[in-house]
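Let us walk through this structure one part at a time. Keep the sequence and the 3D view open as you read.

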Amino acid sequence: MATKETIRLESEHVDDQLDTTVLEELVRGEEVTATPLWKIRLRLFRRSFSQNWGLFKESKMGMVGLVIIAIFGLMAVAHPILMNTVWDPLVYHPVTGYDSVVTEYTIVEDGAVVDPLTELELSEARFELNPSVKVGELVRIPSQPAPPSLSGEHPHFLGTDPLGRDIFSQLLYGSRAAFLLGFVAALTTVFIATTVGSIAAYYGGAIDGFFMRFADLILLMPLLPLLIVLSAAVRINMVMLGVFIGILSGFGAEAIVLKSQALSIRVKSYIDAARVAGGGDRHIIFRHIVPNVLPLSFLYMMFGITGAITLEATLSFFGLLNVPMSWGIMINTASTQGYLLSGTNYWWLLFPAGLAVSFLAFGFFIVGRGMDEVINPRLRAR
Amino acid sequence: MIKFLSFRLVQMFILFVVFLSIVWLLLQAMPGDISDTLIGSPEIPLATRLELRARLGLDQPLFVQYWTYITNFFKGEMGVSFSRYPKDVSTVLFEALPRTIVLFLSATVLAFWMGFKSGKLIAWGRGGKTEQVFIVGGVFLQTVFYAWFAIVMLWVFGFYFGWFPIGRFISVALWQGSGFDATDVFEEMILSVFIVTVIYGVVRYFIRRYSQNLVTEQRMLRGTLALAVSGLFLYWYLDPARTYVADIAHHTMLPVITLGLVAFGATMLITRSAMLETLGEDYILTARAKGLSDRVIRDRHAARNAMLPVTTSFVLALSFVIGGGIVTETIFSWPGMGLLFLQGIGVSDIPLVAGALAITGVLALFGHLIADILYTVLDPRIRLT
Amino acid sequence: MALSLENLQTRQIDPNKPLLEIDDLVMRYKIKAGEVSAVEGVTFTIHQGEAVGLVGESGCGKTSTALALLRLLPANAEYFSGEIRLNGEDLLQLSTDQMRARRWKDIAMVFQGAMNAWNPVYRIGDQIREVLDTHYRGELDVDEQDRHMESLFTAVGLPTEMIIRYPHEFSGGMRQRAVIAMALACSPELIIADEPTTALDVIVQDQILKELKRIQRDLGMSILYISHDIAVIAEVTDSLGVMYAGKLVEYGPTAEVFARPRHPYSYLLLRSTPSITGPRRQLAPLEGEPPDLLHPPSGCRFHPRCPFATEKCAIEEPPLDEIAPGHRVACWNHEDVPELAEELRR
C-alpha cells in the first residue's frame, strides 16, 4: 500500500537516482511529491518489457515459435468449446468416445487385393460377415481404425484410432495435457532452481557445497530410467509428473547455471550497498538477486517445457503413466494394437501425434532461443 | 594428480552408494512382486507362490534385504534375476552390456565428430541459406519426439526401403546351425576395432609429435587412417565368420544412425554457438593479422577453443543419451541393457533393474570423470591441483 | 637465410623516403541502419624509421585506419576509395593471398589490450613459431626458430625460459612485451601499436614505451602509434596526427603540433590535461559528444562542438592545408585559434 508523502528537500540532499522531473522541481525549490516505489518499479518494468519485446520481435525464430505455441494454445482452448457445442460426446470424447465407422468394401478373389482400404478378400469377408458373400459384392463393415473423412454424420478429420475414438479430438485434448504438464514442470523447475541457485550463491561455503554436490548426484541420475522406476512404484498423473520432473530438474543442471548467474550478481556493488543500508539476507536474496536471475530462469523455463513434453510422451508411449489421454498415449495405442510399422497405410495413427509432440517442443525451444538472443546480446545479428 | 584422482574416486564411491540405495528403495516401492506374475495361473497354489517369495528372500524385513543387497553388491554379486531364474544378474547384464555400449559409443562418436565438424563450418561460413537449413535441421533433430522419430526411421529405412533389417541384433535364421555364437563374434569384433583404434591413436600421436612439415604430416595421418581401416576390413574378410560379422554390423547401423542423428543436432548447435563466441575473441584478430590462412584460424585457433564448452555440454548430454538408448533398444528390439531394464520393470524383477541402474550409474560417473580429465587436457588454464 | 636481430640493425633507412603512404582513404561500415562513415579522406605518410602517432577520442576512426592498413576490417566494412601504398605498392589492390603474405612480414601489429591477443590453449613460443612457420616456410629449422625466439625474448627483456609457458602464466606487462617480441619476429618494416599501454600501470607503461622507442631506433623500424593518451604520443613520436569523427584534422611534427596547435579540436585536446609544470592555466573543456557517424554533421564535422565555429564552418568542409613546413590543418579559422583561445580563458 503506497502513501503519498510531500517532502521538502534541501539542495544538498539531492539523490541523483530520482526522476529528472523531481530534480527539476528541486532546482526550482518547490515541494516535491515522491512517487511511490511500486509505481516507479512498474514503469521501469513496462519500459524494459517493451524494449525486450521489440528485440524479441526481431528474432525470426522466436516469432515463429510464438506462432506455433499460439496455434497449439488455440487447439487446447478449442477442445472444450467443441465438446460442449458441436460435438456429440458419445462419439467425440477422446477417451470414451466411440464411432463405428463403416467402410465399404468390394469383395475380390483371394490374393487379388490391390487396395486394402477398399477391397476385401473373399475368405476374410466370409469370416467377417457371412459365408454366402460372393466376389464383386459391395459390403459394409464397421472398422477401426478408420481413415480421415469429412463427410457423413460424424466427420473425423483425422480418422479414428483402433478403439474407435476420434483422432482429431484426441489431438486437441493432448494439447491441453501438454500445456498443463509443461507449465507445471517448468514452473516447479524454475522455482526450485532459482531459489537454490540464489541461496547457494549468496551464502556460499558449506551451503553452496551441499547444493552443488546434490546437483552432481542429480546430474548423475539419468532422468528417463528414474522416471520409469518412479512410475512403476507410484501411479503418476499429469500434475504429479510435472512436479516430479520439476523437482528432479530443478535441483540439477539448472541450479548450477543459475547459481553462477546469481554469483555474478552477488559480487556487484549494489548488493554491498543494500547490505550496508541494512537489508537482511532474505530481503537481499529475494529483492535483488532473484529478480536479476529471473530472465535467465525464464529462458530455461522454455527449454524445460520442451524436455517435459517429450519426457511425458515417451513415458506414455511406454504405457507407464496414469493419464487418460495424451499424444504419447495415442502412439502407445497404435503400438499395442499392432499398427506401429504400418507406415503410410494408417498414417493418421502415428503422424499427427508424433508431429504434434515434435512441433510443440520445437516451438518452445525456438522461443527459448529467441529469448536467448535478447538476454545474450552477443548472439544478436547486427 | 594422484591426490585429485583418489579424492575424486572416494567422492564417486560415496555418490554411487547413495545412488544405489535410493534406487533400491524406490524399487521396493513398486507394488507387488515377482510372485504376482504367477497369479494368473490357477494351477499354481498359494503355497508355491509363498515359497517362491521365501526362496528369493522377499519375506525378510526390508532392512535385512537392503543390507544383504548392498554388501553382496560390493562383493561382486548382484543377486539372482527373478524373472530369469536361476540366472544371476551379473551374467544376464554383462552379456547385454557390450551391445549397449557399442550402440552408445558409436552413436556418440559419430554424432560428436560430425556435429563438431559441421558446427565449426557453418559458424565460420557466416550466414547464408546453408546455415539456416542446418540450424533448423539441428533444432528439429534436437526437439523431435525421439520415440516417434525412431519408429519412422525404422519404418522408412527398414520396412519401406528395406535397406536395413527391422530391428534385432542378428537375423536368427541365418545363424542357426552355423556353429558361431553371436556374443562371441560380437566380442571379437569389438576387440579388433578397439585394438586397431588404440594402435592408430598411438601412431597418430607420434606423427604429430615428430613431424617437421605440416604437409607431410597430413599425408601421413591420412595414410595411417586408410591403413587402419583397410587392415580391419581385410582381417574380417579373411575370417570364416565374415557373413555373420557383416550381419551384426548390418543390424547395428540403423539404431546407431538414429540415435546419432539426434545427438548430432544438439552437438552441432552447441558447437556453432561456441564457435561464434570464440570468433569474437581478440586472439582471432591477432591470428588474422599474423597472416595465417583461414583454415588454420578456423581449426587451430577457433575450433580448438570452441571445444571447451562443447566438452562441458557432453556431461549433460550423457543423461539424454542413456534415456535415448532405452528408447532405441525398445523400438529396434536391440537386446541391450535398456531393454532388460524395461522388461525387468514390467515384472518387478528388482535385482535385475537395480543391477541395470547400478551399471548405468557407474558408467555415468566414469563418463563424468573422463569428461573432467579431458577438460583439463584441453584447457591449460585448468590444472587439477 | 639466417634470421637474426643483427640482420635488422644493418637496415639502411632514409628518413626522407616514404614507407607507407595513405592517400585519401575512405572507408565505411555497413550496418542495418545505413552506412557509418568511419574514415573519411585520411591522407598522411609514414617515412622510413619514423614514429608517427594518431590521436583522437574513441570512435574517431584511428583504429579503423590502422586495421585498414592490414586489411583486417570486419566483413561489413567497405573500402570506398583511396590508396594505401607500401613502398609504392597499393595494398588495397592486392589479392587476399598476396595480402596475407605481407601481413606480419611487412607490417606487424601490437594490439589494443594485447593481453588477449594470445590464444589461451597454446604456449607463447608455439604461437610465435606459427608466424615463423607461415612466413619462412622451409627456410628455418626448429633449432634456428628456437634461437630466433630466444633473441626476440631477450630483445624485449623477457627471460627465455618463459617461451614454453602458457599465456596465463605471464603477468600483464610480460604479455605485452611478448606481443612486441612476436611483432618483431619477421622483422617488419612497420609496426602498428594500437593503444600499446592501455590497461597497464604507469610504471610498466613507461618501461614498455622506452622499450619500443629503443627497438625502433636500434632496428630502424617505423612505428605507427594509435592512442587516446596524448602524453604517451608526445613522448615517443616524431610526427603527430589528430583525428576527429573519421577525419584527419591536423598533422605535423610532434613538437610543432604541441607547441602550436592550430585546429580547435587539437587545441582543446592538448589543453585538456592540466600540466604539473608550467604556468597555471584555465582548463578549456570540450563540451558535447562525438557525432553520430551514421549522419555526420554538415561542413566541418567539428563545428557543433567548436567554440570558434563560424557560419562557413557549418556549410563547407575545410581542406587539410599546409600552414607551415610539414604542418597541415583543416580549419577555416586556424589563424585565429591562438587569439580565440585567449578569449576563452578570460
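What does the pLDDT of chain B average? Chain B averages a pLDDT of 82, and 95% of the residues score at least 70. That score matters here because this is a predicted model. Within chain B, confidence is lowest in helix H2 (residues 46-55), at a mean of 74. Confidence is highest in helix H11 (residues 282-289) of chain B, at 89. Where pLDDT is low, predicted coordinates should not be read in detail.

Stay with chain B and look at its make-up. Chain B has 14 helices and 0 strands. Read from the N terminus, its elements therefore run as an unbroken series of α, from α-α-α onward. The C-alpha atoms of chain B fill a box of roughly 85 × 50 × 40 Å along the principal axes. Of its 385 residues, 36% count as buried. Now take the contacts in chain B with a separation of 6 or more. Residues 24 or more positions apart account for 74% of them.Next, see how chain B meets chain A. Here, 36 residues of chain B are in contact with 34 residues of chain A. Several helices of chain B give two or more residues to this side. They are H1 (2-28), H5 (129-143), H6 (146-160), H12 (294-331), H13 (337-346) and H14 (350-378). Which of them gives the largest share? H6(B) does, with 7 residues. By type, the side of chain B that touches chain A divides into 29 nonpolar residues, 6 polar and 1 charged.

Cross over to chain A and pick out one residue. Leu224(A) is found in helix H8 (residues 223-233) of chain A. Why does Leu224(A) count as buried? A residue is buried if 20 or more other C-beta atoms lie within 10 Å of its own. Leu224(A) has 22 such neighbours, so it counts as buried. Leaving out residues up to four places away in sequence, Leu224(A) touches Leu311(A) and Thr314(A) in its own chain, and Gly323(B) and Ile326(B) in chain B. Glu312(A) is 88 residues away along the chain from Leu224(A). Yet the C-alpha atoms of these two residues are separated by 9.7 Å.

Chain A also holds helix H6, made of residues 167-203. Try a quick check on its length. At 1.5 Å a residue, its 37 residues should span 54 Å. The end C-alpha atoms of H6(A) are 53 Å apart, which agrees. Is this helix mostly covered or mostly uncovered? H6(A) is mostly covered, with 30 of its 37 residues buried. Gly204(A) follows H6(A), and its phi is positive, near 60°.

Now turn to chain C, starting where it touches chain B. There, 23 residues of chain C are in contact with 18 residues of chain B. Helix H3 (96-102) and helix H4 (124-135) of chain C each supply at least two residues of this side. H4(C) gives the largest share, 4 residues. The side of chain C that touches chain B divides into 13 nonpolar residues, 6 polar and 4 charged.

Chain C also contains a sheet. In it, 8 strands form an open sheet in the order S6-S7-S8-S3-S9-S10-S12-S11, and the pairing is mixed. Which strands stand at the edges? Strand S6 (107-110) and strand S11 (321-324) of chain C do. Each has a single partner strand, so one side of each is left without a neighbour in the sheet. From one strand to the next, the twist averages 25°.

Zoom in on strand S8 (residues 222-227) of chain C. How many of its residues are buried? The count is 6 of 6, so to speak a mostly covered strand. Ser222(C), Leu224(C) and Ile226(C) point one way from S8(C), while Ile223(C), Tyr225(C) and Ser227(C) point the other way. All of these residues are buried.

S8(C) has a neighbour on either hand in the strand order. Strand S3 (residues 51-55) of chain C pairs with S8(C) in the parallel sense over 5 bridges. In this pairing, Ala51(C) has Ile223(C) as its bridge partner. Strand S7 (residues 190-194) of chain C is joined to S8(C) by 5 bridges, and these two strands also run parallel. Here Leu190(C) stands opposite Ser222(C), and Ala193(C) has Tyr225(C) as its bridge partner.

How values were computed. Residues numbered from 1 in each chain as written. Chains lettered and ligands numbered in written order. Predicted model: local features only at pLDDT ≥ 70, side-chain atom pairs only at ≥ 80, totals over all residues. Buried ≥ 20, exposed ≤ 12 C-beta atoms within 10 Å, placed from the backbone. Pairing = 2+ DSSP bridges. Expected span 1.5 Å × (residues − 1). pLDDT = per-residue confidence, 0-100. Axes fitted to C-alpha atoms, helices over the stretch in contact; angles between N-to-C directions. Contact = placed C-beta atoms within 7 Å. Nonpolar A, V, L, I, M, F, W, Y, C, P; charged D, E, K, R; others polar.
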